[in-house]
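Colleague: I am new to this structure and would like to learn how to read it. Could we take the features one at a time?

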There are 2 protein chains.
Amino acid sequence: MSVVAPAGFVAGGVASGIKPEGLDLALIDAGAPVTTAAVFTTSRTAAPPVLLGKERVRRGALRAVLVNSGCANAGTGAAGLEDARKMAASAAAVLGCPEEEVLVSSTGPIGSRLPLDLIGAALPELVAGAGSTPAHGLACAEAIMTTDSVPKTAVRHGTGFTVGGVAKGAGMLRPDMATMLAYLTTDAQVPTAAHARRILADAVGVTFNCLNVDGCQSTNDTVVLMANGASGVSPDPEELAEAVLEVCRDLTWQLARDAEGATKVVTIDVVGAASHGDARRIALAVADSALVRSSFYGADPNWGRVLAAVGVAGPAVAAEDVDIDYLDVPVCRSGAGVPFDEDLLASLLGGDFGIRIRVGDGPGACQVITTDLTPDYVRFNGERS
Amino acid sequence: MSVVAPAGFVAGGVASGIKPEGLDLALIDAGAPVTTAAVFTTSRTAAPPVLLGKERVRRGALRAVLVNSGCANAGTGAAGLEDARKMAASAAAVLGCPEEEVLVSSTGPIGSRLPLDLIGAALPELVAGAGSTPAHGLACAEAIMTTDSVPKTAVRHGTGFTVGGVAKGAGMLRPDMATMLAYLTTDAQVPTAAHARRILADAVGVTFNCLNVDGCQSTNDTVVLMANGASGVSPDPEELAEAVLEVCRDLTWQLARDAEGATKVVTIDVVGAASHGDARRIALAVADSALVRSSFYGADPNWGRVLAAVGVAGPAVAAEDVDIDYLDVPVCRSGAGVPFDEDLLASLLGGDFGIRIRVGDGPGACQVITTDLTPDYVRFNGERS
């Protein structure tokens, strides 16, 4: 049901011709301006739609989100920013609302200009055809896909309210086909945009931002939460936060499972760090290591590479405080190897698995989700686009 | 001629049996304590020989370096530190010098204990057989190899003095077979250890530390410079610094060319940054990107990925200030793509090439050397060792 599961939202997707085939233009429409929060890429070369989106979210309530796939509108300079404005204005004209109420996103190859004529021509059909059936939600999820193999949707029902979402994420693996995008909707009443922002940022911090497929952040990464209050329910703040977190977590796992070239999902749990921030830096460093991720591919419990990655992550760690477990099997204690049945353990690393790294006795813990690095990843990404 | 080119040094290499076959124990002997400087890995999980080496270099002049391949003595805890001390003491006993005058290094797989019995048994032959012919220098260079395909040596002659060196560096690619190691000797008179340290650190900063094959720093990385003054010449400080720099640069390029799985060497020149440090961070971020390095493999002038990597490197960069050239062909100006013959340019990216990235009008510049990321790299490193 995705973004149309909460009351009051319509969505849709059409084929405008930006991509050679398939749906490539998606709409999520709240019908009127609603409380909106967003988290964008921290890239200093962020794409024009991100620059415009930041401005619009800061300004106030938004009514609709228009997303195209097949072109990232990144690496397009000042002309690209003008194109993003025109794309939003075209949508606003068809929707009959001020252009400042429309957020636009773009995803696809970097470096070419948006085909505004194709977008403009398809908008009437997209707006007229938008609806709130499951098929509408699925079309929206499909239209934002680039190299994703499946559409990604999630829903959580709270006490009298609902949170839904769609995401696409080949971009974590192939920023050339740029971008991780996610859009969440809810019919819960959220007191302020600042409150929505805090809930979203907290959820993104431990889900999308703890997914590290290849260490490559995109120029277009965007996560949006729209809250229209249509349920008439003001949920318990913790219950709402938990529902948003669960939708984000669900979508994050779908992104990891669909990561191109990957054969398995691996969780890296770091515990005992001085702070959550330290634990996160260490876990991301392990998930960033090409050598560690190559060993995941080979089902090789190569804890020496993990130890080496921990040592250069940044936070102060003493080797003698490091314990490492693969699938609850101790392989390293106090920085030194301990005997284990290597063949048996390797045979268990053929599918998804988890690594646990203790780095001391501190309170900081973090889980990062990653995948194995495979020859297919390099082959796909070595091809000229 | 390598480390025996400067007057007064002897060297050698023997097969002690640590590795199934081939030379695996190397000696460089100055005959008496000489001015010694070293640069070690900054890893917080540095291996025991690195911990011991730091202590010994701080303490004072050193006479000899003993290096084994086939075992990194890393991930071995307190017992490993004791083993490193015993390895140095064994060598000192055969050389007839205090054990504090011997620096030891180890390279190979992480996690297993040093076979001290094999090392002890081979030491008399190694010490007795050491000499200063080219064959002795080559044996020393061979005995420190792990997955290197060729021994790496370099020599530069100054006005009345000589600088020589050996290095091994499969480790930049395969820290499992850990480590980048380099040893330099000179017969120049160097006034103080602090002076030697400064010359070495400056050279390492723009050579070995600007080589980034896979972003994986090892637990054992070590670069040592020994200066015995045997030439009787106190060179012009700049000439000496230049000779040390050239030997380091020569060895760095040999490491890049021998990087396992790599098919080409790519230089990343960043100019116009606010400082050298900023330029270095940006260049390393580009060289760290799995997506950028996959595109090198595919001969794909994918400047969008380069722009994305620049944007998340850390230093403040405005997209509209970014210009990118592949092989002097402009592909991006002011953050936006410019027309170029993509097929022609791609055809030129089959071998080594260079990328130039202007990020502003600042004085900071840095060149980083990297290689392409290939399916073979992942395949090699996915194999259980």
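**Reading the sheet, the core and the symmetry**

Modeller: Keep in mind that this is a predicted model. We can start with a sheet.

Colleague: How do strands of a sheet pair?

Modeller: They pair through backbone hydrogen bonds, in either a parallel or an antiparallel way. Here, chain A has an open sheet of 6 strands with mixed pairing, in the order β12-β11-β10-β13-β9-β14. Strands β12 (336–337) and β14 (364–371) of chain A each have a single partner strand, so they stand at the edges and one side of each lacks a neighbour in the sheet.

Colleague: How many bridges join β9 of chain A to β14(A)?

Modeller: There are 7 bridges between β9 (residues 265–273) and β14(A), and the two strands run antiparallel. Within β14(A), Cys366(A) is the residue opposite Val270(A).

Colleague: Which residues have the most contacts inside the largest nonpolar core?

Modeller: They are Val244(A), Val310(A), Val244(B) and Val310(B), in a core of 265 residues. Leaving aside residues up to four places away in sequence, Val310(B) touches Thr45(A) in chain A, and in chain B it touches Ile282(B), Val286(B), Val317(B), Val322(B), Ile357(B) and Val359(B).

Colleague: What turn lays chain A on chain B?

Modeller: A turn of 180°, with a shift of 0.0 Å along the axis, gives an RMSD of 0.0 Å. The two copies are therefore related as by a two-fold rotation axis. Pro375(A) is the residue of chain A that comes closest to this axis, its C-alpha lying at 2.1 Å.

Colleague: Why can one say that the copies meet through the same surface?

Modeller: Because 98% of the interface residues of chain A are also interface residues in chain B.

Methods:
Residues are numbered from 1 along each chain as its sequence is written. Chains are lettered from A and ligands numbered from 1 in the order in which they are written. This is a predicted model: local features need pLDDT of at least 70, side-chain atom pairs count only at pLDDT 80 or more; totals for chains, interfaces and linings use all residues. Two strands pair if DSSP finds at least two bridges between them. Helices (H or I, at least four residues) and strands (E, at least two) are DSSP runs, numbered from the N terminus. A nonpolar core is a set of buried Ala, Val, Leu, Ile, Met, Phe, Trp, Tyr and Cys residues joined through C-beta atoms within 7 Å. A residue is buried if 20 or more other C-beta atoms lie within 10 Å of its own, exposed if 12 or fewer, and partly exposed in between; C-beta atoms are placed from the backbone. Two residues are in contact if their C-beta atoms, placed from the backbone, lie within 7 Å. Copies are superposed by least squares on the C-alpha atoms of residues with pLDDT of at least 70 in both.
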